[in-house]
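Q: Give me a close look at the empty space in this one, and at whatever packs around it. I'd like the linings residue by residue, and then anything odd in the backbone.

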Amino acid sequence: MKIGILTYHYGYNFGGVLQCYALQQTLKEIGYHDVHVINCIPSRLKFYLGGIPRKRSLSTICNWYLRIRYGTRCKNAFDAFREKYLNQTEYIKRNFLPQSVKSYDALIVGSDQIWNFREQSNGQFFLNWEPQFEGRKIAYAPCCGKNEVNEKCRGQLEKALNDFDFLSVRNSETLSFVEGIIGKSPQIVPDPTCLYDFKNLLTSIRLVKANYIFAYILGDDINGGNVNAISILKKKYPNRKVIASIIAYSNPRKITWADEIKYDLSPIDWLNMIQNADFVYTDSFHGTIFSMRFNVPFITYYVEERRKARFLELQTQFDISENIVSSLEQIKSFEPRERNFDKKFSDLSNLGRNYLREALK
């Protein structure tokens, strides 16, 4: 069986790349070896080093400088990982996608936030194009981010969602999104990073010899500021360096509260940094998952509404209510403790793999 995966494999984001890799590898482990990542990138998305920004605020100029200085190395690290570890097709323009996938027996869309508001008009991640794909259509753990429906596309979305042979989602927010359009309740399945153990990517070599707190931040600071949050964590973990990871190519930002900043980690280096940390401080969904996968103590915070749903889902799945915070007061009262999530990941892996087996058999 020839299987194609359509997802956010192309971004400069650790979670997006690694969830795609995890799904690819999981399919191979359950017996499907002719698996391809469909390399179709929406034309409106451009990941490149920009020129001098129009807004000349000090912070914008600083971020632009970081992108110029470190961005190329960061981009190359991601591109090298994709080249080596993802079985990508040749680049396919969106207009040629229907013809290019005709030879596939099944297409899987997911995971990540491929059903967010801005993707709903494009149809790519809903397998909504003409002529229709005649093979098996499978949605594995897509996410909408926030339950918002583009009303101009409601009819198209209804047709596309009803057309899936197997329809699953990553969380309750996306379940509500689907229910609101077609009146059906899809199954909630775990993110692909819960299905695969990543042992083949891990090494025993530490990138940082000293003990450290690892910080990976994608969005806004926690209420009260990350500088104050880090100060609290340093008291709980004394004599540790604070090392932050910034993706200089796609999300450059200036921070002042870290002892050291890594601007150009590869996806494998990023896993290494989490695996060997004494503690992880993050606002990232996948930063949270990998902290648990490697049984590293962590705090995850959210302030933006669009990030809230995915963390509440993890809170339910893994019983980690004390680890998900939204204020400095909660960090102050947090008591770090060792926990082992191996059994939970084993159960989630079985759930996800069984769903894929059923969808593909």
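A: A cavity here is a set of grid points where a 1.4 Å probe fits but cannot get out, and a residue lines it if it has an atom within 4 Å of one of those points. Keep in mind that this is a predicted model.

With a cut-off of 30 Å³ or more, you get 2 cavities. The largest comes out at about 110 Å³. It has 13 lining residues, and the ones nearest its centre are Pro297, Phe298, Asn323, Arg337 and Arg339. Sort that whole lining by class and you find 6 nonpolar, 2 polar and 5 charged residues.

The second largest cavity holds about 60 Å³. Its wall is made by Arg170, Asn171, Val189, Pro190, Asp191 and Cys194, together with Phe285, Ile289, Arg310, Glu313, Leu314 and Gln317. Two elements give two or more residues to that wall, H8 and H9 (305-318). H9 is the top contributor, with 4 residues. The class split for this lining is 6 nonpolar, 2 polar and 4 charged.

Now for the open space. The second largest pocket has a volume of about 280 Å³. It is lined by 15 residues, with Tyr196, Asp197, Lys199, Arg293 and Asp342 closest to the centre. H11, which covers residues 342-360, puts in the most, 5 residues. By class the pocket lining has 6 nonpolar, 3 polar and 6 charged residues.

H8 is worth following further, since it helps line the second largest cavity. H8 spans residues 285-293 and packs against H7 (residues 267-275), with the two axes coming within 9 Å and crossing at roughly 55°. That makes the pair oblique, and the crossing is right-handed. From the H7 side, Trp270, Leu271 and Ile274 make the contact, while H8 answers with His286, Gly287, Phe290 and Ser291. Taken together, the contact residues are 4 nonpolar, 3 polar and no charged.

H7 has another partner in H1 (residues 14-29): those axes come within 10 Å and cross at roughly 100°. An angle from 65 to 115 degrees counts as roughly perpendicular, so that is how H1 sits relative to H7. Phe14, Val17 and Leu18 of H1 meet Pro267, Trp270 and Leu271 of H7. Here the tally is 6 nonpolar, no polar and no charged. Trp270 and Leu271 turn up in the contact with H8 and again in the contact with H1.

Last, the backbone oddities. Most peptide bonds are trans, and most residues other than glycine have a negative phi. The loop to check runs between strands S3 (106-109) and S4 (136-139), and Ser111 lies in it. The bond from Gly110 to Ser111 is cis, with omega near 0°. Next along, Asp112 has phi near 80°, a positive value in a residue other than glycine, and Asp112 is in that S3 to S4 loop as well. There is also a cis bond from Glu130 to Pro131, with omega near -5°, and Pro131 again belongs to the loop between S3 and S4.

How values were computed
Residues are numbered from 1 along each chain as its sequence is written. This is a predicted model: local features need pLDDT of at least 70, side-chain atom pairs count only at pLDDT 80 or more; totals for chains, interfaces and linings use all residues. Side-chain values use heavy atoms; hydrogens and water are left out. Axes are lines fitted to C-alpha atoms, for helices over the stretch in contact, and angles run from 0 to 180 degrees between N-to-C directions. Angles under 35 degrees count as roughly parallel, over 145 as roughly antiparallel, 65 to 115 as roughly perpendicular and the rest as oblique. A crossing is left-handed if the near helix is turned anticlockwise from the far one by less than a right angle, and right-handed if clockwise. Contact means heavy atoms within 4.5 Å. Ala, Val, Leu, Ile, Met, Phe, Trp, Tyr, Cys and Pro count as nonpolar, Asp, Glu, Lys and Arg as charged, and the others, Gly among them, as polar. On a 1 Å grid over the protein atoms alone, a cavity is a set of points where a 1.4 Å probe fits but cannot get out, and a pocket is an open set with protein on both sides within 12 Å along at least five of seven lines; lining residues have an atom within 4 Å of a point. Grid points are joined across faces, edges and corners, and a volume is the space filled by probe spheres set on the points.
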